[in-house]
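Dear colleague,

Please find the structure below, handed over for your use. A summary of what was found in it follows.

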Amino acid sequence: MKANSLRELFVEELRDLYDAENQLIKALPKMAEGSSSPELREAFEEHLEQTRNHATRLEKIFAGLGEKPKAEKCKGMEGLVKEGSDLLKEDDFDPEVKDAAIIGAAQRVEHYEIAGYGTVRTFAELLAEDEAVSLLEETLEEEKETDQKLTELAEQINVVAQEGEDAGTEEGEASEQTARRSRTSTRRKSAA
Ligand code: FE
């Protein structure tokens with residue numbers, strides 16, 4: 001990476017994000033396929049559509065800046081995707097436990113993207129690139145919504161994963177109370 005001005009840094013970061021989105025376009029169908037919960041699978045399929053749109057928005061931004069839509073290898077996303085794909089290869093996980101792990105990997109991805117888009121959005125504001133600001137803002141909101149949706153799914157799936165673990169143990173009853181408590185607090189949260 002070579003950048004001597006904030007504008008150059010902005011373009012470099014956009015190229016990094018463009019590569020990150022393209023990596024995700026390949027990874028998300030595998031994450032959907034590896035998920036047992038139909039809701040989780042659906043969430044990944046929906047996010048795949050959004051992700052294609054994120055790549056298109058970046059292409060629009062490059063065009064607006066008069067820059068070529070070039071991708072620059074995003075090593076951070078490469079690592080996150082690798083962790084996710086290693087997880088998908090595991091075959092001795094209970095389905096709910098595996099789903100809980102997949103959600104964890106996916107939320108790491110979303111947080112990484114939220115950080116990246118937050119940065120470029122701020123750069124675009126400083127550089128008075130208004131079209132880029134609004135396009136980046138739209139993507140940032142979708143990443144945040146996806147993260148929130150994954151949190152909601154985790155609140156259900158993690159409890160089921162925990163119940164599976166309790167089955168047949170002596171502490172089963174006590175842990176069942178814990179699970180009930182967290183279900184109640186999930187309901188309270190969603191009612192709020
Ligand atoms: Fe994205």
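**Confidence and overall fold**

The model is predicted, with a mean pLDDT of 89 for the protein and a score of at least 70 for 84% of the residues. Confidence is highest in helix H2, at 98, and lowest in helix H6 (residues 172-191), where the mean is 47. The pLDDT is below 50 over residues 170-192, a stretch that has 14 contacts in the model beyond near neighbours in sequence. Where pLDDT is low, the predicted coordinates should not be read in detail. I would ask you to bear this in mind for the C-terminal helix H6, with its mean of 47.

The secondary structure consists of 6 helices and 0 strands, giving the pattern α-α-α-α-α-α along the sequence. Of the 192 residues in the protein, 40% are buried. Among contacts between residues at least 6 apart in sequence, 74% join residues at least 24 apart.

**The iron site**

The iron ion has protein donors from Glu21 (OE, listed twice), His54 (ND1), Glu113 (OE) and Glu143 (OE), at 1.9 to 2.6 Å from the ion. The spacing of these donor residues in sequence is E-x32-H-x58-E-x29-E. Within this set, Glu113 in helix H4 and Glu143 in helix H5 link distant parts of the chain, being 30 residues apart.

Are these donor residues buried or exposed? Glu113 is buried, at a relative accessible area of 1%. Glu143 is also buried, because its relative accessibility is 0%, and the cut-off for burial is under 20%. His54 has a relative accessibility of 0% and therefore counts as buried too.

His54 is placed in helix H2. Which residues does His54 contact, leaving aside its neighbours within four places in sequence? They are Glu21, His47, Tyr117, Thr139, Glu142 and Glu143; Glu21 and Glu143 are themselves donors of the iron ion. His54 and Thr139 are 85 residues apart in sequence, yet their C-alpha atoms lie 6.1 Å apart in space.

**Nonpolar cores**

The largest nonpolar core has 22 residues, and those that touch the most other members are Leu40, Phe44, Met77, Ile103, Leu150 and Leu153. Helices H1 (6-34), H2 (38-65), H3 (75-89), H4 (95-126) and H5 (130-166) each supply at least two residues of this core. Apart from it lies another core, of 20 residues, which includes Tyr18, Ile114, Tyr117 and Ala132. In soluble globular proteins, nonpolar side chains tend to be buried together.

Met77, one of the residues named for the largest core, is in contact with Ala20, Gln23, Leu24, Val109, Tyr112 and Glu113, leaving aside neighbours within four places in sequence. Of these contacts, Glu113 is also a donor of the iron ion.

**The largest pocket**

The largest pocket holds about 200 Å³ of space. Its lining comprises 13 residues, of which Gln23, Lys26, Ala27, Lys30 and Val81 are the closest to the pocket centre. Helices H1, H3 and H4 each contribute at least two residues to this lining. Gln23 is also among the contacts of Met77.

**Individual residues**

Three further residues may be of interest when you inspect the model.

- Ala128 is in the loop between H4 and H5. Its phi is near 55°, a positive value in a residue other than glycine. Most residues other than glycine have a negative phi, and most peptide bonds are trans. Ala128 counts as exposed, because its relative accessibility is 54% and the threshold is over 50%.
- Arg108 lies in helix H4 and touches Leu80 and Glu83, not counting residues up to four places away in sequence. Arg108 and Asp147 are 39 residues apart in sequence, with a C-alpha to C-alpha separation of 9.1 Å.
- Glu49 lies in helix H2 and counts as partly exposed, at 48% relative accessibility. Between Glu49 and Leu28 there are 9.8 Å in space, C-alpha to C-alpha, and the two are 21 residues apart in sequence.

With kind regards

Conventions. Residues are numbered from 1 along each chain as its sequence is written. This is a predicted model: local features need pLDDT of at least 70, side-chain atom pairs count only at pLDDT 80 or more; totals for chains, interfaces and linings use all residues. Side-chain values use heavy atoms; hydrogens and water are left out. A nonpolar core is a set of buried Ala, Val, Leu, Ile, Met, Phe, Trp, Tyr and Cys residues joined through side-chain atoms within 4.5 Å. Buried means under 20% relative accessible area, exposed over 50%, partly exposed in between (1.4 Å probe, protein chains only). Helices (H or I, at least four residues) and strands (E, at least two) are DSSP runs, numbered from the N terminus. Contact means heavy atoms within 4.5 Å. pLDDT is the predictor's confidence in each residue, from 0 to 100. Donors are N, O and S atoms within 2.8 Å of the metal (3.2 Å for Na, K and Ca); water is not among the atoms, so sites may look incomplete. On a 1 Å grid over the protein atoms alone, a cavity is a set of points where a 1.4 Å probe fits but cannot get out, and a pocket is an open set with protein on both sides within 12 Å along at least five of seven lines; lining residues have an atom within 4 Å of a point. Grid points are joined across faces, edges and corners, and a volume is the space filled by probe spheres set on the points.
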